[in-house]
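Here's a quick walk through one protein chain, for anyone who'd like to get their bearings before opening a viewer. Have the structure to hand and follow along.

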Amino acid sequence: MFIADVVSSVRIRCREVGTSDIDGVVNLLTSGFRSRTHDHWVRALQRLSAHPTPQGFPKYGYLLECKDTPVGVILLIFSSILVNGETRIRCNVSSWYVEPGFRSHAAMLASHAGKHKQVTYYNVTPAPHTLPILEAQGYVRYCSGSFVAAPALRVRSERADVKVVAPDIYPGEDLPPSEVELLLAHANYGCISLTCSSARRRYPFVFMPHRKFGLVSFAHLVYCRDLADFVRFAGPLGWFLTRRGYPLVVLDSNGPIPGLIGAYINAYPKYFKGPDQPRPGDLAYSELAMFRVAAESSWRDWRRNSLLADIARKRWVHSK
């Protein structure tokens, strides 16, 4: 009897991942993603457990189950965000794996994961071979690549006082409670959470540091209110990060960013579907921020694709 015949003869069901499923899900993901360790997935599920998931949405995601054994899983990160002053729900579609003998049932995972029509879904780490599948599911590209900037080289920056976020940070008219919570949560994920103070107002920034490649290290912009804020304070932010060993900052973008010196790389697109298009400069509560080792894995992919060589060959320009 063929494997497909065996699979069709047993009952496959799709349901939410529960706390009692965590060990099985970790083992399944460890076997499916050979480049990531068991400890990585334990950390990822722990962070999902502590994450303030909006009420009524899955805490971890969905799994495929056969004879009480998980054979497929999709991790989902649901978050509440403010869009034009209104609370909306978005979901980062993260790690997805189905054992080979059960991939004919993989569509069940996609169906369950995307059933919340009021939610904006986004995928920030799609594998190249999955792009046609995403587009068939209704996803649209909202970000085509990255801009690698040397912000300390920006001469005409506004002066600002850059500070690392401390546990005693307080909300105010310039920094609402939701952003204070965001800054503290991402500091716990291993990000660099900062405020830039200018004219008695605070502006929040979050960066994910990446390990060195040769003599180069960089930080990825995870959150700011608007990319224009980063350009405005590029000088003081750049010097702050450079003194800590991160002379380069990677920003999601669709082309060169006016006012910054750097190079645009047309790679690593990001996709979404739903009512609220994400904006470049906001990867808060995404797998790139919460599952830090996953972010480092994407850097290994960057190395493998020789994109640093592309940067070296490009002419770094001051975008006007």
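## Two hairpins around β3

Let's start at a turn: β3 and β4 make a hairpin with two residues between them, and Asn 84, sitting in that turn, has a positive phi of about 55°. Keep in mind that this is a predicted model. The two strands run antiparallel, and eleven bridges hold β3 and β4 together on paper. If you want landmarks along the pairing, Ile 81 is opposite Arg 88 of β4, while Ser 79 has Arg 90 in β4 as its bridge partner.

Now look at β2 and β3. They form a hairpin too, again with two residues between them, and here Lys 67 is the turn residue with a positive phi of about 55°. β2 and β3 are antiparallel, joined by six bridges. Leu 63 pairs up with Val 73 in β3.

## The rest of the sheet

Zoom out and you'll find these strands in an open sheet of seven, ordered β1-β2-β3-β4-β5-β14-β6, with mixed pairing. At the edges are β1 (12-16) and β6 (140-143); each has a single partner strand, so one side of each has no neighbour in the sheet. On average, neighbouring strands are turned by 30° against each other, direction ignored.

What gives the "mixed" label some substance? On one hand, β4 and strand β5 (residues 120-123) run parallel, with three bridges between them, and Cys 91 stands opposite Tyr 121 of β5. On the other, β6 pairs with strand β14 (residues 270-273) in the antiparallel sense, also over three bridges. There, Val 140 has Phe 272 of β14 as its bridge partner.

## Helices lying on the strands

Which strands does helix α2 lie across? Helix α2 (residues 22-32) crosses β2 (61-66), β3 (69-83) and β4 (86-98), and runs at about 100° to β3. Helix α3 (residues 38-50) also packs on the sheet, where it touches β3 and β4. The direction of α3 makes about 45° with that of β3.

## The second largest pocket

β3 turns up again here. The second largest pocket holds about 610 Å³ of space. It is lined by 23 residues, and the closest to its centre are Ser 80, Ile 81, Leu 82, Tyr 223 and Asp 282. You've already met Ile 81, as the residue opposite Arg 88 in β4.

Elements giving two or more residues to this lining are β3, β4 and α6 (177-188). The largest share, five residues, belongs to β3. As for chemistry, the lining of the second largest pocket splits into nine nonpolar, eight polar and six charged residues.

## How far to trust it

For the chain, the mean pLDDT is 87, and 87% of the residues reach 70 or more. Where is confidence highest, and where is it lowest? Strand β9 (residues 192-198) comes out highest at 97, and helix α10 (residues 292-304) lowest, at a mean of 43.

Two stretches deserve a raised eyebrow. Over residues 1-9, pLDDT stays under 50, and the model has six contacts for them beyond four places in sequence. Over residues 293-313, pLDDT also stays under 50, with 39 contacts beyond four places in sequence. Where pLDDT is low, the predicted coordinates shouldn't be read in detail.

Technical notes
Residues numbered from 1 in each chain as written. Predicted model: local features only at pLDDT ≥ 70, side-chain atom pairs only at ≥ 80, totals over all residues. Heavy atoms only, no water. Pairing = 2+ DSSP bridges. Helix = DSSP H or I, 4+ residues; strand = E, 2+ residues; numbered from the N terminus. Axes fitted to C-alpha atoms, helices over the stretch in contact; angles between N-to-C directions. Contact = heavy atoms within 4.5 Å. 1 Å grid on protein atoms, 1.4 Å probe; cavity = no way out; pocket = protein on both sides within 12 Å on 5 of 7 lines; lining within 4 Å. Points joined across faces, edges and corners; volume = space filled by probe spheres on them. Nonpolar A, V, L, I, M, F, W, Y, C, P; charged D, E, K, R; others polar. pLDDT = per-residue confidence, 0-100.
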